[in-house]
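Biologist: Before accepting the labels attached to a model, I should like to hear the reasoning behind them. Could we go through it together?

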Amino acid sequence: MSGSHPGRREILRLSAASLALAAAGCDEPTEFGQPLYAPPRGEVQDAATYATVLDLQGLGRGMLVRTRAGHAVKVDGNALHPASLGATDVFAEAAVLSLHDPARARRLREGGWTRAPAALDATLAAARAELAARNGAGLHVVTGPIASPTTARLLATLLAAWPGARWQQYDPLAEDAALAGAELAFGTPVATWPDLARAQVVLALGADPLGPGPAQLHLARNWALARAEGRGRGVLPSLIVAEASPTLSGAKADRHILLHPREIEPFGRAVAAALGVPGLQGAASHPEAEAVAAALRRAGPAAVMLAGRAEAPGLHALAHAVNAALGSEVVHHAAPALARPAPMGPAALRPLVQAMANGAATHVLLLGVNPVYDVPAELGFAPALARVPFSLHAGLYPDETARLCTWQVPLSHELESWGDSRAFDGTAAIRQPATRPLVGAARTVDELLAALLGAEERALPLVQATWREAWGAAFEEGWRAALEAGVIPGSAAPRLHLPLRPGWDPGPARQSQAGLVAVFTPDPCTLDGRFAENAWLQELPRPLTKIAWGNAVLLAPSTAAEYGMSAGDEVVIERAGRRVLAPVWPVPWHAPGCITLPLGGGRIASTEVGLGRGLDAQILRDPDTPWTGEHVTMAPTGRHARVIASQLERDFDGPAAARIVAPGEGFAPPAPAPSLYPDWKYEGHAWGMAIDLDTCIGCNACVVACQSENNIPVVGPEQMAMGRRMHWLRVDIYRHGVSAIFQPVPCMHCEKAPCEVVCPVNATVHDHEGLNVMVYPRCIGTRTCSNNCPYKVRRFNWYDYARDETPVKVRNPDVPIRPRGVMEKCTYCQHRIAAARSEARMEDRPIRDGEVETACQRACPTRAIVFGDVNDPDTAVARAKRAERNYALLGELDTRPRTTYLARVQAGR
């Protein structure tokens, strides 16, 4: 053996060291979850799938977690859960990476020193004795939004035992205006969401129902169902979006109205006036209001108006009044799923800041939140926290807040801990560990609250106590069923039918009429910065801008021209004496006269993954108006900053890649063109894919699912800036007026593949079922295949990522790791095809339609991707390819791709 390779003794020594390290940092679980099913015959027997729930902004989405040897390798959606319906979003797909992240908090620390668990228990016992003597006065517990029945029960127990204690939910993305608007309209805070499957006309005023959020998967799926039904009837449902800052909903809108932030509420009032809504106080006029009102009037009960998080409570109340006037059967009202429906935005922390500053807060517990980073600087949270004698932070990472607290406690990851949660509609589910715990010192929020109360219980009995009380004698049966299904049937909140309160309208909101306005929005990949440590999400191109590894100030091209700027020019943004530096990025679907500042950037307590990526817009936010900022100034610095973007905006020119048709239109099948390439015959299966552009919302879930499934490495910002991204699947965006069309582009698996005939070593070949496959050991990295590919879907592995010890080691054992110097690309998840073939062979039956799902197909919330056997005319993919809207990308090249597209349908084209 060469001296550069370790010998047998060295390999054994390293293996023993690895096992010892794993044993030291990872406790064996004393209790484990209930697998959803036993592994089928032929599969590796250490594989299992668990039904669990992952929270986003406190609300759950049901997931299925595939594990190997006790470790989570892939997250899929749970079709039985109403918040996922079998799909995933980018945050759920990336959860396995954060689980295995070596940058996670791993030790108990007090004042920067590592402590044993017994030291924390002793400290909590001393705090308990001190607080009990004064009925909890001085104790402040700050959590994220709580929809967990168990956590809510423990907090209620704590507040009952210590009446002087205070509990505050905090979420920098809180939609406090929606609750306030419901109180104006109905006299009580209620949760509101639309049943988009029943909608014919949706008017979104600054709202983004298809964008990231706890209900995105549910809403996107139902809107896709409405579109499919409308296409079948020849009457498309209409999505009308009026907004200032670009959103996924605006990109998919049938009618997209760009309005300055100050114009959105007057536009809504003009629509309400045109509808004759009773009780309206003060209406404006707008040239498009009458046409929009007419569309809503025609739809009647099948119409709905929605207001966004940045809008004033009065506009939310106005939306309720319009829906009542229409008799809308689309909108749902129910009791909020959160334990305490109260304001939880930055302004809600003002009493706590005052208590910390004047010494009234002696014990502060910050559980799963990071207010030092994401509370607006104006509030002065950080200096006030420094005055607290006892502060404890529990989080996944040693973040900005952890650095200022006396105690740092690692928080258990959702994939390795017990808990429970409720979805946006109140549906409850049990969260069970799907993997071995990777951080021995980690605790859940429930365990910390129990320890503070003096109950030395683990998370499992705490959760079981909650449901034992709810189910009584039926607990054992209900518990097993809940673990297997991943959802508790019949637990959704009942629908409320509330009358509109007289005097619901507070009148038009007062607005400044001068100066540049800033709109603050969650970043589509890092949200408010909570996912900034996740490399998959940092490297993921943002849907509308294609920016990765950072953010930028978004603005309209006309606004950029007014200031004499182009993409990447650096500006200084100033408001109320605070300033940030950032590059600008013009986008054509942005309203003029305002700018958009994405949240989630500029982290200062992070690893190399999240440190300093982009601008920190939190500095400029106002606690009382966190979503818009008046009196903002912007001035160019004369410098140019690097912005990493994977694709520039594209118009429809030349042969259309993303096509649009009117309802009922289609394309004639192209006549076969003469070719020098040989024809292929397929006696058995012939795999193919169809992607519906009318349904795709550009959410990027397919991209992260492909990365997770196929062990695709993260290349980092430097390589990304050089165009060396490794994603096997990209989502291109094309401009159509002020809207956009998204086009997922995997390998086309061409029948007459240009890549195959130019490979000098026959490394890319055609198999007997129509797949264009790579034989990695043959590849010598000439890249001639990539040069000859008109779709540019092949990736060259410039570095030996498989042996690089710095990235997080997340591996799907079903997919081989590619070495340095080879080409790689989409394989149609051929390992899943092989597994289905093996299972069908052992059961002596053919492969069923739908039995093979690619990772991108399984993740898609709108079911835009269909995969299967095109040789069978009865399969879903064969039916899709017979549709009149079906066409081949760059079909004029006659590569005869196995991946085809269904054109976007738009009325009035």
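The exchange below takes up one helix and one sheet of this predicted model.

Biologist: How do you know that the length of helix H11 agrees with its number of residues?

Modeller: Helix H11 covers residues 313-326, which is 14 residues. At 1.5 Å a residue these should span 20 Å, and the end C-alpha atoms are 20 Å apart, so the two values agree.

Biologist: What makes H11 largely enclosed by the rest of the structure?

Modeller: A residue is buried if its relative accessible area is under 20%. Eleven of the 14 residues of H11 are buried, so the helix is largely enclosed. Among them are Gly-314, His-316, His-320, Asn-323 and Leu-326. Just after H11, Gly-327 has a positive phi of about 65 degrees.

Biologist: Why are E12 and E13 called edge strands?

Modeller: The sheet is open, with four strands in the order E12-E11-E10-E13 and parallel pairing. Strand E12 (255-258) and strand E13 (303-307) each pair on one side only, and therefore they are the edges. On average, neighbouring strands of this sheet are turned by 10 degrees against each other, direction ignored.

Biologist: How do you know that E10 and E13 pair?

Modeller: Pairing requires at least two bridges. Five bridges join strand E10 (residues 201-205) to E13, so the requirement is met, and the two strands run parallel. In one of these bridges, Ala-204 has Leu-306 of E13 as its partner.

Biologist: Which helix lies across this sheet's strands?

Modeller: Helix H9 (residues 261-275) lies across E10, E11, E12 and E13, and runs at about 145 degrees to E10.

How values were computed: Residues are numbered from 1 along each chain as its sequence is written. This is a predicted model: local features need pLDDT of at least 70, side-chain atom pairs count only at pLDDT 80 or more; totals for chains, interfaces and linings use all residues. Side-chain values use heavy atoms; hydrogens and water are left out. The expected span of a helix is 1.5 Å times one less than its number of residues. Buried means under 20% relative accessible area, exposed over 50%, partly exposed in between (1.4 Å probe, protein chains only). Axes are lines fitted to C-alpha atoms, for helices over the stretch in contact, and angles run from 0 to 180 degrees between N-to-C directions. Contact means heavy atoms within 4.5 Å.
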